[in-house]
Amino acid sequence: MEVLLNNDLKENVRLLGDLLSEVIEEHMGGDFVEKIIHIRTLAKQARATGQTTPIELIHSLNGLANDDITPITRAFNQFLNLANIAEQYHDVVRSQPNHQPHQLAVVLDKLSSKLSKEEVTKRLSQLHIELVLTAHPTEVTRRTLIQKYQIIFQALNQLDAYPSVNERSQILSQIKQVIAQIWFTDEIRQTRPTPEDEAKWGFAVIENSLWEALPKFYNELDQLLLERGLPVLANNAKPFRFCSWMGGDRDGNPNVTAKVTRNVIHLGRWMAADLYLRDIQDLINDLSMQAANPVLLAVVGDVRDPYRCLLHQLRNRLTQTRAWAKNALNAKAGITPAPPLANISSLIEPLKLCYDSLMDCGMATIAKGKLLDTLRRAHTFGLTLCPLDIRQESTRHEQVFVELCQYLDLGQYQKWSEKEKQQFLIRELQNKRPLLPKNWQPSNEVQEVLDTCHVIAGQPHDCFSSYVISMATHPSDVLAVALILKMCGRASPMPIVPLFETLDDLTQAGNSINNLLSLPWYQQYCQGEQMVMVGYSDSAKDAGQLAACWAQYKAQEELVEVCDKHKVRLMLFHGRGGTVGRGGGPAHGAILSQPPGSVLGRIRVTEQGEMIRFKFGNTQVAQRSLQVYMSAVLMASEFPPPKPKPVWRKNMEELSKCALQSYRGIVREDPDFVSYFRAVTPELELGKLALGSRPAKRNAGGGVESLRAIPWIFAWMQIRLMLPAWLGSERALQEYIKGGKLTQLQDMSEHWPFFQTFIEMLEMVLSKTDGAIAEFYESRLLSEPSPLGQQLRLRLVEAIEAVKTIKLQEILLQNSPIIQQSMAVRNPYTDPLHYLQAELLHRTRQPNPEHFDDLEHALKVTMAGIAAGMRNTG
């Protein structure tokens with residue numbers, strides 16, 4: 001089967017590549033296509049013969065006329081995007097042959113062998129899986145192109161449905177037309193998206209994918225349960241919930257203001273009403289039957305079409321709601337006289353009346369069709385589609401009280417001890433009098449915090465999910481937010497989520513939450529529930545991947561213990577990125593490698609940037625992702641991994657300490673590191689890519705420590721060194737191997753899912769590295785060889801050798817031939833982009849270069865192309 005799968009993938013890659021070549025030939029001519037083929041052939045030959053510096057390929061690329069550089073880079077970029085479509089289609093559709101057991105079916109069988117039918121149903125109904133869509137700027141591809149790629153994905157599906165000769169010809173013609181549209185569309189954004197643009201993109205993911213995928217997934221789950229004699233989920237069950245940071249995450253992003261947040265809320269209300277209106281219209285068309293139960297007839301009266309009568313009323317209210325949201329968005333004073341749908345029960349109750357009536361009247365087949373789909377959407381997406389999280393940095397809240405206490409002559413808040421701050425904040429939280437003076441004029445920064453909290457207080461509670469505090473360290477950070485919300489009029493408790501993201505913060509996380517939950521006032525406020533966010537990106541940038549992973553693991557263990565002690569239910573919120581250096585990797589393995597007791601049917605995870613497209617880009621992909629999440633959470637909850645042996649803990653402490661010293665010895669202590677990083681990577685040029693609304697740096701003048709994790713990783717990925725994902729690990733692992741502890745590492749890798757996942761992710765990212773390409777960047781962009789660069793490349797070799805030794809392999813990915821093949825398909829297209837990028841960086845960094853705009857555009861295309869080749873950015 002392995003060979004067949006590979007052939008299927010190759011077939012689709014070749015098909016899409018041939019159609020792209022036809023489009024390019026029709027536009028650019030046959031000679032131009034021959035240049036592409038020549039460059040690709042040279043790249044293949046260089047790989048096949050093991051050339052570390054492919055002179056002929058580099059000479060050919062450097063000899064390109066200025067007019068050819070951009071079209072050549074675009075051609076290679078688009079081939080890589082088309083290869084990604086073929087691979088994703090292969091992963092989701094072709095790799096699930098009918099004779100293979102459904103992943104979720106296997107888990108349900110295991111559960112049924114352990115639990116009673118009632119217990120299985122209870123576990124499923126209690127699942128709480130939250131997926132949070134974020135606007136982190138890692139999506140290089142323009143939205144208009146994403147939509148065209150989805151059309152090609154669906155066309156590949158149609159080709160697999162055994163069409164007639166004529167139908168196949170029409171499908172191929174459609175694919176070619178879409179590829180032509182892509183070729184004539186600029187793949188580089190010319191303007192940076194606004195936060196509202198990002199929110200619209202998030203809503204589009206729901207509209208174009210999740211809206212259909214969610215009920216289809218639940219119908220699939222129902223079928224699996226029925227096949228096992230298990231009751232289906234209740235129609236009000238919602239194991240999955242979706243939230244968003246788009247328009248709510250203002251940490252380090254001055255473009256996200258209170259006005260933006262208000263607009264995004266209204267955008268969500270408008271889009272939700274519009275989507276429900278489409279559903280209701282379909283139901284009005286379908287529910288033409290007359291038989292109804294007494295409950296429904298008591299509501300609508302003696303009418304010929306009881307279902308349509310009730311749904312017409314609901315349609316009118318949805319229409320009013322949509323108009324209300326549009327007026328609110330346009331800041332018009334006049335609001336539609338008729339009240340819009342104000343709460344979710346106003347939407348669900350009419351649908352439930354129809355559902356119950358159909359069931360009572362023997363029309364279950366109809367009830368469990370489109371109507372049940374809409375009911376399930378309503379329970380999951382509500383009236384806002386996805387509630388917003390608000391995220392802000394802790395010092396912004398502290399500044400509110402620094403200025404307020406100064407204005408009220410209460411003292412210097414910033415100089416108070418933690419105990420004094422807590423006493424003041426709790427005293428004011430319990431005080432009924434207003435604390436906010438009417439005539440107070442704070443700084444603009446403080447006013448923005450207050451305006452945001454006024455927006456929170458002024459909207460229905462279901463518009464918002466949580467308030468996340470980045471750089472939280474003390475209970476006063478949480479109490480400060482609670483008091484600001486109270487000052488601004490929020491009547492009921494809003495979940496407040498401390499985010500621990502540096503190594504020191506993770507180390508102190510358990511103690512910090514223990515102190516917070518020890519406060520009687522807060523115990524009452526949190527109502528027995530506490531969410532804590534674990535930051536993967538910044539902790540890895542701060543400490544290196546190995547030390548960060550171990551710190552995250554220990555922090556979660558401590559948080560579980562602390563919350564158990566206080567009899568509080570913990571929800572861990574994993575701030576994972578798309579890349580290994582930001583906590584990324586396959587969701588199934590990541591969840592199964594969490595500490596025992598840390599999941600228990602509840603988990604919250606960010607879905608960021610290009611990973612939203614890869615996991616939820618179309619209905620089939622989204623269904624598969626929901627299946628993966630539910631399977632993994634059930635397995636981690638009911639069949640948790642073993643607790644690490646004492647010797648494993650001892651080993652990890654030693655490995656972590658060694659890796660941390662090694663990592664920081666380079667990143668923090670080597671005086672040449674920052675200048676080397678900026679010289680050999682396109683870090684400075686990345687800011688010109690209009691990826692997102694958020695600035696690349698927290699402050700304009702800072703060094704690496706101020707650089708956000710995304711451009712930090714993006715820059716190293718572009719030169720194929722992938723340094724953030726492995727630096728430090730190589731020294732720690734090699735010291736253990738040389739110290740005679742190889743068998744201990746192998747025991748951990750074989751029997752401990754946490755360490756096994758770490759090694760597998762390390763292997764995967766190392767397979768994408770290429771020291772020779774990184775060395776070429778250095779030779780082209782530095783005036784002389786760098787000892788630091790040579791040291792880093794030697795360390796890369798150490799990392800590769802360590803993984804091969806632990807896994808008893810001669811090559812990386814020895815047991816993953818499909819991933820090997822995937823990289824082999826990409827390399828002949830990615831390699832020329834690297835050599836072109838290095839040359840373009842050299843040219844654009846010269847004083848007053850000729851054709852600068854054209855060269856810079858080509859440079860941006862190489863960045864997008866390499867990101868497509870690696871299948872991620874940051």
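**Reading the terms in a predicted model**

Biologist: Why is Ile 426 called buried?
Modeller: The relative accessible area of Ile 426 is 17%. Buried requires under 20%, so Ile 426 qualifies. The value is computed on a predicted model.

Biologist: Where does Ile 426 lie, and what is it in contact with?
Modeller: Ile 426 lies in helix α16, residues 418-430. Beyond its neighbours within four places in sequence, Ile 426 is in contact with Leu 479, Leu 519 and Trp 521. Lys 176 is 250 residues from Ile 426 in sequence, and the two C-alpha atoms are 65 Å apart.

Biologist: What makes Asn 263 buried?
Modeller: Asn 263 has a relative accessible area of 14%. The limit is under 20%, so Asn 263 counts as buried. Asn 263 is found in helix α10, residues 258-286, and touches Glu 196 and Leu 329, leaving out residues up to four places away in sequence.

Biologist: Why do Arg 377 and Glu 212 count as a salt bridge?
Modeller: Their closest N and O atoms are 3.4 Å apart. The cut-off is within 4 Å, so the pair passes. Arg 377 is in helix α14 (residues 364-381) and Glu 212 in helix α9 (residues 195-227), 165 residues apart, and the pair links distant parts of the chain.

Biologist: How are Arg 377 and Glu 212 classed by relative accessibility?
Modeller: Arg 377 is at 5% and counts as buried. Glu 212 is at 36%. Partly exposed covers the range between the 20% and 50% limits, so Glu 212 falls there.

Biologist: Why is it said that Asp 389 and Arg 604 tie together parts of the sequence?
Modeller: The side chains of Asp 389 and Arg 604 meet in a salt bridge, at 2.7 Å from N to O. Asp 389 lies in strand β3 (residues 388-393) and Arg 604 in strand β8 (residues 602-608), so the pair ties together parts 215 residues apart in sequence. Both Asp 389 and Arg 604 are buried.

Biologist: How do you know that Arg 433 and Glu 428 form a salt bridge?
Modeller: The closest N and O atoms of Arg 433 and Glu 428 are 3.0 Å apart, and the requirement is within 4 Å. Arg 433, at 39% relative accessibility, counts as partly exposed, whereas Glu 428, at 6%, counts as buried.

Biologist: How many salt bridges does the structure hold, and which residues are linked in a network?
Modeller: The structure holds 44 salt bridges. Lys 114, Glu 119, Arg 123 and Glu 638 are linked in a network of them.

Biologist: How do you know that Cys 405 is in no disulfide?
Modeller: The structure holds zero disulfides. For Cys 405 the nearest cysteine sulfur is that of Cys 488, 15 Å away. A disulfide needs the sulfur atoms within 2.5 Å, so Cys 405 fails the test. Cys 405 is buried, with a relative accessible area of 0%.

Biologist: What is the nearest cysteine sulfur to that of Cys 463?
Modeller: It is that of Cys 386, 11 Å away, and Cys 463 is in no disulfide. Cys 463 counts as buried at 0% relative accessibility.

Biologist: What makes strand β2 mostly covered?
Modeller: Four of the five residues in strand β2 (residues 240-244) are buried.

Biologist: Why are strands β1 and β2 called a pair?
Modeller: Pairing takes at least two bridges. Strand β1 (residues 128-134) and β2 have five, in the parallel sense, so the condition is met. Ile 129 has Phe 240 in β2 as its bridge partner.

Biologist: Which residues have the most contacts inside the largest nonpolar core?
Modeller: They are Phe 240, Leu 351, Leu 385 and Phe 401, in a core of 157 residues. Another core lies apart from it, with 122 residues, including Tyr 89 and Phe 755.

Biologist: Why is the protein called as compact as a globular protein of its length?
Modeller: There are 37 helices and eight strands in the protein. Its radius of gyration is 28 Å and the globule rule gives 29 Å for 874 residues; the two are close, so the description holds. Buried residues make up 60% of the 874.

Technical notes: Residues numbered from 1 in each chain as written. Predicted model: local features only at pLDDT ≥ 70, side-chain atom pairs only at ≥ 80, totals over all residues. Heavy atoms only, no water. Core = buried A, V, L, I, M, F, W, Y, C linked by side-chain atoms within 4.5 Å. Buried < 20%, exposed > 50% of the residue type's maximum accessible area, 1.4 Å probe, protein only. Helix = DSSP H or I, 4+ residues; strand = E, 2+ residues; numbered from the N terminus. Contact = heavy atoms within 4.5 Å. Rg over C-alpha atoms; globule rule 2.2 N^0.38 Å.
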